[in-house]
Amino acid sequence: MKVNQIDVDNSMKIIDLINQFDDSGVLGAGRVARACNILAEMIQDEDMSVFMSLGGPLIPGGMRNIVTKMINEGHVDLIISSGANITHDLVEAFGGAHYRHEGKDDEELNEEGIGRIADINVGSDDFTIFESEITEIFEKIASKKQVVSIQELLYEIGLLVDDENSFVATAARNNIPIFAPGLIDSMMGLQLWIFSQDHDFVVDAVADMHYLSDIVFESEKVGAVLLGGGLTKHYTLASNVIKGGLDAAIQITMDRPEAGSLGGAPLEEAKSWAKAKCGSSLASVVGDVTVIFPLIYAAALDKISGD
């Protein structure tokens, strides 16, 4: 099959461009098109549970509304997030914001109480409000329960957050579980530790595995949307080992495979570990999640509405 040249014009929709990528079928364009096709198939398959992992600064980087929309649309059934993405979601839920970096050097930012994530700035005042608000929420939860799993904690937090754009709150209201195996490695984790110093309150990370394994076993098929690499990617893959691996998955990452890290490993490698089934539909795309995933998801929505 030959490589077709890509055509563009001023009347194209996103799906038209992705279809041009599909007709080309090679390099990054081909991988993006395959990821779009797999995502659309996963969403439309009523027998498939869709797990989504959130690694890297996705919420500070502008992906918050997309994650929330996927929950509201029923396009994702379970989320595995870094603690940082949960923290930054709640920073915005409590009235804070993320700002574009405007060129000051990092020592100047330090003096002004501003933290930098690449070209994104976050003010310490917003974190001060976060610390106050999350501590009040911990107080309410601890008054009812002394021991909770991480998933239960995030569910209870979500029910107490009043922000329709918060993915944590939206997940709780839609009964979509959020797991965060690295929660302690975040500002929320720091606040949990501080709170535990004078409260009889325990977060049991192992307890999550009972609930997560039940979901895996009860799902006829499992597909995954892996955004970024690291712990959230591995937790998603590893949770499905108990049933022979994922049936379908897409991954978008900037990580490279040469060093052997999981973040850069192509999804095909997961078959050797039974983290993805032999014969599963897989697509690995190298690139920036904040550019590529909105394109893929928008095109998948076009495909679904056109079917």
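Start by selecting the cysteine sulfur atoms: there are zero disulfides here, where a disulfide means a pair of cysteine sulfur atoms within 2.5 Å. This is a predicted model, in which local features need pLDDT of at least 70 and side-chain atom pairs count only at pLDDT 80 or more, while totals for chains, interfaces and linings use all residues. Residues are numbered from 1 along each chain as its sequence is written, and side-chain values use heavy atoms, with hydrogens and water left out.

While the cysteines are on screen, click on C36, which is buried at a relative accessible area of 0%. Then move to C278, which is exposed at 71% relative accessibility. Buried means under 20% relative accessible area, exposed over 50%, and partly exposed in between, using a 1.4 Å probe and protein chains only.

**Next stop: β10**

Select residues 246-253, strand β10. Eight of its eight residues are buried, so the rest of the structure largely encloses this strand. Strands (E, at least two residues) and helices (H or I, at least four) are DSSP runs, numbered from the N terminus.

Now add residues 221-227, strand β9, which pairs with β10 in the parallel sense over five bridges. Two strands pair if DSSP finds at least two bridges between them. To see one such bridge, show L227 and its partner I252 in β10. From β9 the chain passes through helix α11 (residues 230-239) to reach β10, a right-handed β-α-β crossover. Right-handed means that, with the strands pointing away from the viewer, the path from the first strand over the helix to the second runs clockwise.

Add strand β11 (residues 276-286) too: β10 and β11 run parallel, joined by seven bridges. Here Q251 has S284 in β11 as its bridge partner.

**Over to β2**

Which residues cover the two faces of strand β2? Select residues 78-81: L78 and I80 lie on one side, I79 and S81 on the other, and all are buried. In a regular strand, side chains alternate between the two faces of the sheet.

Strand β1 (residues 48-54) runs parallel to β2, with four bridges joining them, and S53 stands opposite I80. Include helix α3 (residues 59-72) to complete a right-handed β-α-β unit with β1 and β2. β2 is also joined by two bridges to the parallel strand β7 (residues 178-179), where F179 stands opposite I80.

**Last stop: a three-stranded sheet**

Finish with the open, antiparallel sheet ordered β3-β5-β4. β3 (99-100) and β4 (114-117) are at the edges with a single partner strand each, so one side of each has no neighbour in the sheet. Four bridges join β4 to β5 (residues 120-123); look for I117 opposite I120.
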